[in-house]
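Hi everyone, thanks for coming. I'd like to walk you through a structure that will be new to most of you, so let's put it on the screen.

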Amino acid sequence: MKLLVTGGAGFIGSNFIRFMLETYSDVWIVNLDKLTYAGNLDNLRDLETHPHYTFVRGDICDRATVEKLMSAGPDAVVNLAAETHVDRSIEDARSFIETNVLGTHCLLEAARANKVTRFIQVSTDEVYGSLSETGFFTEETPLRPNSPYAASKASADLLVKAYVHTFAFPGIITRCSNNFGPYQFPEKFLPLMINNARQGKTLPIYGDGLYIRDWLFARDHCRALDCVLRQGRAGEVYNIGGNNEWRNIDIAKRILRLLRQPESLLTFVKDRPGHDRRYAIDASKSFRELGWKPETRFEEGLGVTIRWYLENDAWLDKVTSGEYRNYYERMYSNR
Ligand code: NAD
Ligand code: TYD
C-alpha cells in the first residue's frame, strides 16, 4: 500500500508512520510536512533511511507540490497536517484557517483530480462542542465548534462531507479524543505538566481544573487509523475514543505523584476563554464496524509517556528552546 501522509513530522503523524512501518513490510510512505514549530524531523530520525519512507518538505496549501504527490498515485491519503493548539488559535486563527480549511481543500481538489481511492481526514471530537456532566458525542451529534481551532476542523469536515456528497469522493472522517504519548509538543497539557514537574516548575491549571477530557494513547489512535484505512466505509464518520475520562486536576496530581513532586506546584491560573467543559466519545461504531478498541490502559500509557520524556530530555530541551520560550512567556506571564 502506497500512502501519502501529511503532517507526519508532528506528534500523531510520527507515531502513525512509525506504527505502519513497524507493522507492515508492504507499506510505502511519503510524508509531506511543512515543518512548522510543531513539526520536527527528530521525531522520525530512526526511520530517515528506511527504504519505504520518503520525506518531502512542503505546504498542503501549495497546489503544485500537492498535485505532484497525488499524481504519483498513492493508494490512500491520510491528512494529519494541521494547526492544532486551541490557545494559539485564540491568539491568532489565521494559520488555522489557511492550513486546516484551505489546505484540506487543496488536498481534496488534487485527490479528486487524480482519482485517489481513499482519503482519511483526521479530525477531532472538539468539532462537537462541549458536554455537561452526562452524555457522549456520537457520529450524529451536530457540529457545534467553540474555539477557532475546532471551527477550522469542523469546516474541513464539512468540506470532506460536501465532496463525498457532490462528487462521490471516497472521503472518510475520523474524530478522536485527546491523545497523549511520546513526541507530543509540550504546549499541550500532558507534556507541559510533565516538563514543568520534572524541572520543579509550577503547573498552570486553567480555571477550576475540573474540565474533563477523554484520553487515548496515541498508538491506539494510530491502530484505529490503520483499521479505517483497511475497513472503513467511504463517506462515513468514525469516532475514536478511550472511554477514559479524567479531570485535568487529577491528571496533574497523578503526574506530580509519579515524579515525586509536591502538590504545592499546582497553580490555578486564568481560564482559557470559551473553555469547553467536557468531551466524551461514544466510539461504539468503531468497536462494532472496525473491530478496534483501545489496548493501552491509562496508567500504563502515562507511565510509558513519562518515562519517554525523562529519557528524551535532550528532545524536550531542544523543542522548548527558541520559539517555545517566547510562546510560554506570552501565554503564561499574565495569567
Ligand atoms: P501536531 O501539531 O503535533 O502536528 C501537526 C503537523 O502538521 C506538524 O508536523 C506540522 O509541521 C504539520 N503542518 C502544519 N501545517 C502544515 C501545512 N500547511 N502543510 C504541511 N504540514 C503542516 O498535531 P497532532 O497533535 O499530531 O495532530 C495531528 C492531527 O490529528 C490534526 O489534524 C489534529 O487536528 C488531529 N487530532 C489531534 C488530537 C490530539 O490530541 N493531538 C486529537 C484528535 C485529533
Ligand atoms: P490541551 O492539551 O490544550 O487540549 P484541548 O484543549 O484541545 O483539549 O488542553 C487539555 C486540557 O487541559 C484543557 O481542558 C485545557 C487544560 N490546560 C490547562 O489546564 N493548563 C495548560 O497549561 C494547558 C495547556 C491546558
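Let me start with a question: leaving aside its neighbours within four places in sequence, which residues is I29 in contact with? Before I answer, please keep in mind that this is a predicted model. Okay, so I29: the list runs L3, V5, I17, M20, L21, H52, Y53 and T54, once you skip the neighbours within four places in sequence. Now zoom out a little. I29 belongs to the largest nonpolar core, which has 72 residues. Along with L3, F16 and I255, I29 is one of the residues with the most contacts inside that core. There's also a second, separate core, made of 27 residues. L107, V116, A154 and I173 are among them.

Right, on to the ligands. There are two I want to show you, and I'll take ligand 1 to begin with. Around ligand 1 we have 28 residues, and the ones that come nearest are I12, D33, T84, Y149 and K153. Two of those names come back when we look at polar atoms. T84 has a polar side-chain atom 2.7 Å from an oxygen atom of ligand 1. K153 also puts a polar side-chain atom 2.7 Å from an oxygen atom of ligand 1. With T36 the backbone is involved: one of its backbone N or O atoms sits 3.0 Å from a ligand 1 oxygen. And how much of ligand 1 does the protein bury? On its own, ligand 1 exposes 840 Å², and 96% of that is buried by the protein.

Where does that shell come from? Four elements each give at least two residues to the shell around ligand 1: α1, at 11-23, β5, at 119-124, α5, at 148-167, and β7, at 178-180. The largest share, three residues, is supplied by β5. If you sort the shell residues by character, you get 12 nonpolar, 12 polar and four charged.

Okay, ligand 2. Here the count is 19 residues around the ligand, with E126, R213, R272, H275 and Y332 coming nearest. Y332 places a polar side-chain atom 2.7 Å from an oxygen atom of ligand 2. For N248, the distance from a polar side-chain atom to a ligand 2 oxygen is 2.9 Å. F189 joins in through its backbone, where a polar atom is 2.9 Å from an oxygen atom of ligand 2. As for coverage, ligand 2 has 510 Å² of accessible area by itself, and the protein covers 97% of it. Two elements give two or more residues to this shell, namely α6, at 189-198, and β8, at 203-206. By character, the shell around ligand 2 breaks down into 10 nonpolar, four polar and five charged residues.

Now a few single residues. Let's go back to strand β7, because that's where you'll find N179, which counts as buried at 7% relative accessibility. What does the side chain of N179 reach at 2.9 Å? That would be the backbone oxygen of S177. The side chain of N179 also makes a polar contact of 2.8 Å with the side chain of H221. Beyond its neighbours within four places in sequence, N179 touches a longer list, including F11, I12, Q184 and W215. You may remember I12 as one of the residues nearest ligand 1.

For K293, is the residue buried or exposed? It counts as exposed, because its relative accessibility is 54%, and the cut-off for exposed is over 50%. K293 sits in the loop between α9, at 284-290, and α10, at 298-311. Leaving out neighbours within four places in sequence, K293 is in contact with R223 and F287. And if you want a sense of distance, the C-alpha atoms of K293 and Q121 are 20 Å apart, with their positions 172 residues apart along the chain.

Last stop: backbone angles. K115 isn't a glycine, yet it has a positive phi of about 55°. You'll find K115 in the loop between α4, at 94-113, and β5, and at 68% relative accessibility K115 counts as exposed. A168 is another non-glycine with a positive phi, about 50° in this case. A168 lies in the loop between α5 and β6, at 171-176, and with 66% relative accessibility A168 counts as exposed.

That's my tour, so over to you for questions.

Notes. Residues are numbered from 1 along each chain as its sequence is written. Chains are lettered from A and ligands numbered from 1 in the order in which they are written. This is a predicted model: local features need pLDDT of at least 70, side-chain atom pairs count only at pLDDT 80 or more; totals for chains, interfaces and linings use all residues. Side-chain values use heavy atoms; hydrogens and water are left out. A nonpolar core is a set of buried Ala, Val, Leu, Ile, Met, Phe, Trp, Tyr and Cys residues joined through side-chain atoms within 4.5 Å. Buried means under 20% relative accessible area, exposed over 50%, partly exposed in between (1.4 Å probe, protein chains only). Contact means heavy atoms within 4.5 Å. A residue is near a molecule or strand if one of its heavy atoms lies within 4 Å of it. A polar contact is a pair of N or O atoms within 3.5 Å; within protein, one must be able to donate a hydrogen and the other to accept it, and residues adjacent in sequence count only if both atoms are side-chain atoms. Accessible areas come from the Shrake-Rupley method with a 1.4 Å probe; for residues, only the protein chains shown count as cover. Ala, Val, Leu, Ile, Met, Phe, Trp, Tyr, Cys and Pro count as nonpolar, Asp, Glu, Lys and Arg as charged, and the others, Gly among them, as polar.
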